[in-house]
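Biologist: I am new to this one. Please walk me through the terms and show how each is earned.

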Amino acid sequence: MRNNHLGTAPGSKFERWGPLLTIAGALLLWEGCSRTDLITSTFFPAPSTIFAVIMGLLLDGQIATHAGVTLARVLAGFTLGGGAGLILGLAMGASPRLHAQIDPLVALVHPTPKIAALPLILVIFGIGEAPKLVLAALGAFFPILISTVAGVQQIPPTYFEVARSYGAGPLNLFRRVVWPGSLPFLFTGARLAINVALVLTIAAELVVGQSGLGQRTWFAWQTMRIPEVYAWLAVTSVAGATLSFLLGGLAKICMPWEHIRAVKRR
Amino acid sequence: MRFECQELCKSFDSSHSEISALDRVSFAADDHEFVSIVGPSGCGKTTLLKLIAGLIEPTAGRVQMSNGALRGRPRSAFVFQDHGLFPWMTVLDNVAFGLEMQGVAQGERLERARAFVERVGLGQFADHYPHQLSTGMQQRVGIVRAFVTEPPLLLMDEPFGALDPQTRRVLQGELLRLWGEHRNLVVFVTHDIDEAVRLSDRVLVMTGRPGSICDTIDIPLERPRDLASREPAEVSEIKWRIWKQLEREVRASLAIAR
Ligand SMILES: Nc1ncnc2c1ncn2[C@@H]1O[C@H](COP(=O)(O)OP(=O)(O)OP(=O)(O)O)[C@@H](O)[C@H]1O
Ligand SMILES: [Mg+2]
């Protein structure tokens, strides 16, 4: 059984509630400092103030509208870019020749911060939905591509031999070996990718457009409504956490063997 | 079903040089025969099995298969040295894999797989994943995965390699029992002389790398065999003979002078 340095066993009360206590403590400290103007409440409004603003935005439907818009953009970009990365990644994983052909290009392009391409993308794709989609897709493409290639390549050759020895053809090799064998890597890539897609979508919204969490945050700042800036930030981080959480749930469903292994490791 | 290896050679290209793993291996094996292969580590036993299975191609020579009236390559099943169970499939799905590849319908293949899983005492673990089993249990799954396809040719690469002597003994018994029912042609690689002699009709001894066959010994034991019975004196004689050959080859391959 794993023990941390405090010697508390996993699943103990402390381990379960500890993190919440930390968060609650930090919020309380912030509240106190802000109320007493120990920190400037104009720039650091009290959590209770921010919470009130969030409730207001929630009740008049703004959060649902703009979170919906942003999440739709993120998912569209993720699907488009991730799908392309997945297909190319599987092909590159399967074919060493294709890998040798394309990998240098990937190594060159991937490290460039995609956000730097935004002006260029705006010139090419105008200022509608297209540039946001392209930017998010571009961001999702590389993490998925790279993790898919790694996922396919790390499958021990024995599994291919086993499958071939029982007469598996290309389709069955893919279905029964390549796909499940690379799935854990794929999900790791997907979690990175969806986060990058979210960051880039928000960034694009800050600059162009009339809707979305990024645009709302920017607008609140422009009109100097600082508590609202915090409110939208909080909503954005909840949106990101939700996406990550959903992917984690999906991973559990798709890879029951990994899930069981993770539980066993605890 | 019978097959014949004719002057099989296999070399591998490594970054520096060419490594010759097998050098002109010739032998034949007949229907219903249980043949064991012993030899020093690295002499090409696994390579030989893979050549017979058609998983890799020989550099020279060939494997001649004859399968009665059937055309094409006869089906063979391979039990891998490290069992090779798919970590993403349950025990039952792993065992049913061969049947799945043959296109047997899901209901039927699971039923047949379950019967075999139960035969080796793993019924309770049918829905577990391989990493939830002990090494010995995994080996058993690896073996029944091959048996369930009822292959005319069964190739086993040190299937009991990682086991303690007691478990090993029990599983040898289980293997003989299973084989007694199916009587397929088995080629069985092992490091264990005792195991080779107790299980097989014939033992082939290989030289160190590049491997070739330096001796063939018929085992004059009755079938069905009882592993628990005391062995006749002639068997000790045979074991001694194999041991002397092997010792020479192992010493040579480790470059240790006597
Ligand atoms: N895919 C490969 N590429 C390069 N060399 C290989 C490959 N497979 C095997 N060899 C070489 O061929 C030789 C024989 O290997 P093999 O695995 O057949 O030995 P083995 O008799 O099964 O050994 P062990 O008893 O340890 O399992 C070894 O020297 C090994 O280095
Ligand atoms: Mg071997």
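**Two chains and a metal site**

Modeller: This is a predicted model. Chain A and chain B bury about 2,200 Å² between them, and carbon and sulfur atoms give 63% of that area. On the side of chain A, A:Y159, A:Y166 and A:R176 supply 36% of what the chain buries against chain B, more than any other three residues.

Biologist: How many residues are in contact across the two chains?

Modeller: 21 residues of chain A are in contact with 24 residues of chain B.

Biologist: Why is the pair A:E161 and B:K50 called a salt bridge?

Modeller: The cut-off is 4 Å between a side-chain nitrogen of Lys or Arg and a carboxyl oxygen of Asp or Glu. The closest N and O atoms of A:E161 and B:K50 are 2.9 Å apart. That is within 4 Å, so the pair counts as a salt bridge. The count between chain A and chain B is three salt bridges. Polar contacts join six residue pairs, both residues at pLDDT 80 or more.

Biologist: Which elements of chain A give two or more residues to the side that touches chain B?

Modeller: They are α7 (157-165), α8 (170-207) and α11 (256-265) of chain A. The largest share, seven residues, comes from α7(A). By class, this side of chain A has ten nonpolar, five polar and six charged residues.

Biologist: What makes B:T46 and B:Q81 donors of the magnesium ion (ligand 2)?

Modeller: Distance. For this metal, a donor N, O or S atom must lie within 2.8 Å. OG1 of B:T46 and OE1 of B:Q81 lie 1.9 to 2.5 Å from the ion, so both qualify. The two are 35 residues apart and link distant parts of the chain. B:T46 is in helix α1 (residues 45-53) of chain B, while B:Q81 is in the loop between β5 (76-79) and α2 (91-101) of chain B.

Biologist: Why is B:T46 called partly exposed?

Modeller: Buried means under 20% relative accessible area, and exposed means over 50%. B:T46 has 23%, so it falls in between. B:Q81 has 38%, so B:Q81 is partly exposed too.

Biologist: And how do you know whether A:S147 is buried or exposed?

Modeller: A:S147 has a relative accessible area of 11%. That is under 20%, so A:S147 is buried. A:S147 is in helix α6 (residues 130-153) of chain A. Leaving aside neighbours within four places in sequence, A:S147 is in contact with A:F185, A:L186 and A:G189.

Definitions and conventions. Residues numbered from 1 in each chain as written. Chains lettered and ligands numbered in written order. Predicted model: local features only at pLDDT ≥ 70, side-chain atom pairs only at ≥ 80, totals over all residues. Heavy atoms only, no water. Contact = heavy atoms within 4.5 Å. Buried area = accessible area lost by both parts, 1.4 Å probe. Polar contact = N/O pair within 3.5 Å; in protein donor to acceptor, adjacent residues only side chain to side chain. Helix = DSSP H or I, 4+ residues; strand = E, 2+ residues; numbered from the N terminus. Nonpolar A, V, L, I, M, F, W, Y, C, P; charged D, E, K, R; others polar. Donors = N, O, S within 2.8 Å, 3.2 Å for Na, K, Ca; no water. Buried < 20%, exposed > 50% of the residue type's maximum accessible area, 1.4 Å probe, protein only.
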